[in-house]
Amino acid sequence: MKPDASPCCDSVDSTKHERRAFLKSSAQVLSAGCAYCAMAPLHAKLLDYKLAASEIAKGTWAVHGAQEYFNLDNGGNIVNVAFIEVPDGVVVIDTGPSKRYGEALLALIQRTIPNKPVLRVYNTHHHPDHCFGNQVFDSSLIAAPQGVIDNLRLEGDGFAENLYRLVGDWMRGTSLSVPTVALDTSYENVGGRRFSLFYLSGHTSADFVVRDDETGVLFTGDLAFMFRTPTTPHADIATWQASINALSGTDKDLIFPGHGPQDRKGDSLTQTSDYLAWLDGTLRHSVEQGLTMNEAMVLPIPDRFNSLSVLRTEYERSVVHLYPNLEDTLLPEIELTR
Amino acid sequence: MCGLLGKSANGTANAMLATKRTISLRQRFVTRVSVVKNSVPVVCLFLCLIFPALSHASRDIPADPFESVMWKLMVERHFPGGEVVFDSRVKVSAPKSAENQFHVPITVDATELSDVEEIVAVADLNPIAHILTVRPKKSLSFVGFRVKLQQATPIHVGVRTSDGVWHMGGAYIDAAGGGCTAPAMAHGMNNWMKTLGKTRASTRRESPLSARMTIRMRHPMDTGLAAGIPAFFMNQITVQDAAGETVAELDLYEPVSENPTITIKPKVGQVEETLSVLARDTEGNEFGFPLTVPAVAAQ
């Protein structure tokens, strides 16, 4: 913006010239602005997660995301979220990747279960696709183990930045809302329903599993993936396998995994365990052979994993995640002579 | 264009800054500068006449398949001299997207080319572009390494053969960024100096005539671009055979990832052979160790 013309300092000619230039540039800005205004509503209309809920057990509703990696089309809706009608209200398991998702989820809950308040929101772990919808819920209701809270405090802002880069405008207005209730009990009664709480790890350093003791649905978070390649940015594979073992032995009627369809027979646990075992073995062998990460990334993947989506991409990511630690344990230590 | 002009200007600046010098010294210096100034046009003309090859305009620079805005500058600065050609025999493996901007793996395989003298890798849009230079000497033209990326960038790798030709390959890597300006992980530990240079390595025979050597050494590889942390990085690795002949020389620069992890392929005989590795950093610390390649029958 040009300040008020001051006749004392500018010559008449140059003032005229500047004013003309200023008017010309304002006209350009205005016309560009109008073009943008005309486009903006159209664009905003496109950014709709179109969430739908399906009832997977009595009063238990699943919201399934795409079996994909984050991109500009899916807006980060690649995750499973659930909500449960309990006698006095609603319990929510995970909140999705963005504020926009959280708003759509809350609207969906209110449409599906009208006139009942949300009483509790659980975060299964700190990954951004699972808890960046938190901010639309009353923060005093959001609960997770202390480990999840600590991880979110440590890495949440970095996740947010990266998600803005990966999915763009879908993230508009999203900021991190950290759970305010730190859980450490083995169960919790919420609105007349008892939930068993399991404190595990392996997919991350703090993975939280919730079981609805009435319906027997086990909400595993990302300890179980179904028809989707497991992700490993914070994984410790041996611990993860131990957690899968523990979950296999846990009473349940239905598994609701972090990604993919619900699973009655425990296939999600078997699939996840099988893939992790293959991944671990393959990378150990590669490090022992002295292969570079790039050479390991192009190794063949057995056909039996073809039913897992995002297979090659997630495998390549896992090479980067897991290789350095394997090198620090498997490559022989060398004594310096100088 | 003419280097001498820059030199005399620098000299003047230095003379002005050095206020503590004696008058006589300064007078002598100023006199010398003016002599240089007067002869500048003549010298420039002379140089331009006898070294037409020095003029950049005479070199045909091919279009860059990675459409880097820095391409011409990269060629001038890092791939000087001979002809520049993109060559499918220079195979550069890199992920499409950097999962971790502090450790982006790159593998260069130019083993189909013969008479390779050096391999130069640059990340065009890094604040410091030059990643490393490898002179394979008695090794196959192969190197694996990891790099820090400050932003999404084209990578260019030039492989210079003895005829002076730069055979180019490359990749484009998307990245979240910030890899060069964040402190190394080492600075999160209070005892990182104790493990400086600590080494893990493996050597295996790959064929009757070559081995695969992977070394991983503890070093923060500070770029000097993280606030309050001066540049401090491993800048030289030399591999020699038992006869003292050079097997490979590597010059590393700031963008190489923390705890440099390098894979090369020394050429060896069929019998057991012990190679010696010597690494140096910018503070003059030296880290040396032997690595033994087993005999053909032994593996």
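A: Before we start, one definition: two strands pair if DSSP finds at least two bridges between them. Keep in mind too that this is a predicted model.

Q: Okay, using that rule, in which sense do β4(A) and strand β5 of chain A pair, and over how many bridges?

A: They pair in the parallel sense, over four bridges, with β5(A) spanning residues 118-122. For a spot to look at, find A:V90, which stands opposite A:V118 in β5(A). To get from β4(A) to β5(A), the chain crosses through helix α2 (residues 99-112) of chain A, and this β-α-β crossover is right-handed.

Q: What about the other neighbour: how do β3 and β4 of chain A run relative to each other, parallel or antiparallel?

A: Antiparallel: five bridges join strand β3 (residues 81-86) of chain A to β4(A). The two form a hairpin with two residues between them. A:V90 turns up again here, as the bridge partner of A:E85.

Q: And is β4(A) itself largely enclosed or not enclosed by the rest of the structure?

A: The cut-off helps here: a residue is buried if 20 or more other C-beta atoms lie within 10 Å of its own. Four of the five residues of β4(A) (residues 89-93) are buried, so the strand is largely enclosed by the rest of the structure.

Q: Now the five-strand sheet in chain A. What is the strand order, and which strands are at the edges?

A: A general idea first: in a regular strand the side chains alternate between the two faces of the sheet. In this case the sheet is open, with the order β8-β9-β10-β11-β12 (chain A) and mixed pairing. The edge strands are β8 (187-190) and β12 (254-259) of chain A, each pairing on one side only. From one strand to the next, the twist averages 30 degrees.

Q: How many bridges join β11 to β12 in chain A?

A: Five, and the two strands run parallel; β11(A) covers residues 217-225. A handy landmark is A:G221, standing opposite A:P257 in β12(A).

Q: Which strands does helix α5 of chain A touch, and which does α6 touch?

A: Helix α5 (residues 237-248) of chain A packs on the sheet and touches β9 (193-200), β10 (207-212) and β11 of chain A. The direction of α5 makes about 160 degrees with that of β11(A). Helix α6 (residues 267-288) of chain A also packs on the sheet, touching β11 and β12 of chain A, and its direction makes about 15 degrees with that of β11(A).

Q: Further along, which residues does A:L326 touch?

A: Leaving out residues up to four places away in sequence, A:L326 touches A:L283, A:R284 and A:V287. A:L326 sits in helix α8 of chain A. The C-alpha atoms of A:L326 and A:E288 are separated by 9.1 Å, though the two are 38 residues apart along the chain. A:L326 counts as partly exposed because it has 18 C-beta neighbours inside 10 Å.

Q: Last one: what is phi of A:V310, and what is phi of B:K137?

A: Most residues other than glycine have a negative phi. Phi of A:V310 is near 55 degrees, a positive value in a residue other than glycine. Look for A:V310 in the loop between α7 (293-297) and α8 (311-330) of chain A. For B:K137, phi is near 45 degrees, again positive in a non-glycine residue. B:K137 lies in the loop between β5 (130-135) and β6 (139-147) of chain B. A:V310 is partly exposed, with 17 other C-beta atoms within 10 Å, and B:K137 counts as partly exposed with 19 C-beta neighbours inside 10 Å.

Methods. Residues numbered from 1 in each chain as written. Chains lettered and ligands numbered in written order. Predicted model: local features only at pLDDT ≥ 70, side-chain atom pairs only at ≥ 80, totals over all residues. Axes fitted to C-alpha atoms, helices over the stretch in contact; angles between N-to-C directions. Contact = placed C-beta atoms within 7 Å. Buried ≥ 20, exposed ≤ 12 C-beta atoms within 10 Å, placed from the backbone. Right-handed = clockwise from strand over helix to strand, strands pointing away.
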